[in-house]
Amino acid sequence: MPPRAVERFKSEEIPKAYVREDNGEAFVYIADERGRLKKQTVETGAVMYGYNQEIKSGLTMEDLIAFPYGKTVKEGVKTEEVDSPSYY
């Protein structure tokens, strides 16, 4: 499996495509201290302008958030930090 691109967001909102749900619980994938994917539970708020998801808790401004490509994303996969997403 290829590395997952991770990036920092400077806001309490992230693109809603980053947020997944499992059994009614919202989560995102972040890079852990070893640069590996980790599932992180978040508390969500309103959707802004149909695109951004408010994150009320569960993330910090220092967290590197991974775009969850497909449904086969697994924890523990190596990540690579990027400045600007290349998948848009």
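These exercises, each with a worked solution, explore the predicted model shown above.

Residues are numbered from 1 along each chain as its sequence is written, and side-chain values use heavy atoms, with hydrogens and water left out. Because the model is predicted, local features need pLDDT of at least 70 and side-chain atom pairs count only at pLDDT 80 or more, while totals for chains, interfaces and linings use all residues.

**Exercise 1. Describe the overall make-up of the protein.**

Step 1. Find the elements. Helices (H or I, at least four residues) and strands (E, at least two) are DSSP runs, numbered from the N terminus. The protein has zero helices and nine strands.

Step 2. Check burial. Buried means under 20% relative accessible area, exposed over 50%, and partly exposed in between (1.4 Å probe, protein chains only). Of the 88 residues, 36% count as buried.

Step 3. Look at the surface. Accessible areas come from the Shrake-Rupley method with a 1.4 Å probe; for residues, only the protein chains shown count as cover. The protein exposes about 5,700 Å². Carbon and sulfur atoms supply 46% of that area.

Step 4. Look at contacts (heavy atoms within 4.5 Å). Take those between residues at least 6 apart in sequence: 65% of them join residues at least 24 apart.

**Exercise 2. Work out which strands pair with β4, and in which sense.**

Step 1. Apply the rule. Two strands pair if DSSP finds at least two bridges between them.

Step 2. Take β3 (residues 20–22). Three bridges join β3 to β4, and the two run antiparallel. Arg20 stands opposite Phe27 in β4. The two strands form a hairpin with two residues between them.

Step 3. Take β5 (residues 37–41). Five bridges join β4 to β5, again antiparallel. Ala31 faces Leu37 of β5 in this pairing. This hairpin has five residues between its strands, and Gly35 in the turn has a positive phi of about 75°.

Step 4. Take β8 (residues 65–66). β8 pairs with β4 over two bridges in the antiparallel sense. Here Ile30 stands opposite Ile65.

**Exercise 3. Explain why β4 counts as largely enclosed, and place its side chains in the cores.**

Step 1. Count burial. Six of the seven residues of β4 (residues 25–31) are buried, so the strand is largely enclosed by the rest of the structure.

Step 2. Find the largest nonpolar core. A nonpolar core is a set of buried Ala, Val, Leu, Ile, Met, Phe, Trp, Tyr and Cys residues joined through side-chain atoms within 4.5 Å. The largest has 11 residues, including Ala26, Val28, Ile30, Ile55 and Ile65. Its largest share, three residues, comes from β4.

Step 3. Find the other core. A second, separate core of six residues includes Phe27, Tyr29, Leu37 and Ala66.

Step 4. Recall the general rule. In a regular strand the side chains alternate between the two faces of the sheet.

Step 5. Zoom in on Val28. Leaving out residues up to four places away in sequence, Val28 touches nine partners, among them Ile14, Tyr18, Lys38, Leu59 and Ile65.

**Exercise 4. Examine the positive phi angles of Asn23 and Tyr49.**

Step 1. Recall the background. Most residues other than glycine have a negative phi.

Step 2. Take Asn23. Its phi is positive, about 50°, although it is not a glycine. Asn23 lies in the loop between β3 and β4. At 80% relative accessibility, Asn23 counts as exposed.

Step 3. Take Tyr49. Its phi is about 55°, also positive, and it is not a glycine. Tyr49 sits in the loop between β6 (43–48) and β7 (52–57). Its relative accessibility is 82%, so Tyr49 counts as exposed.
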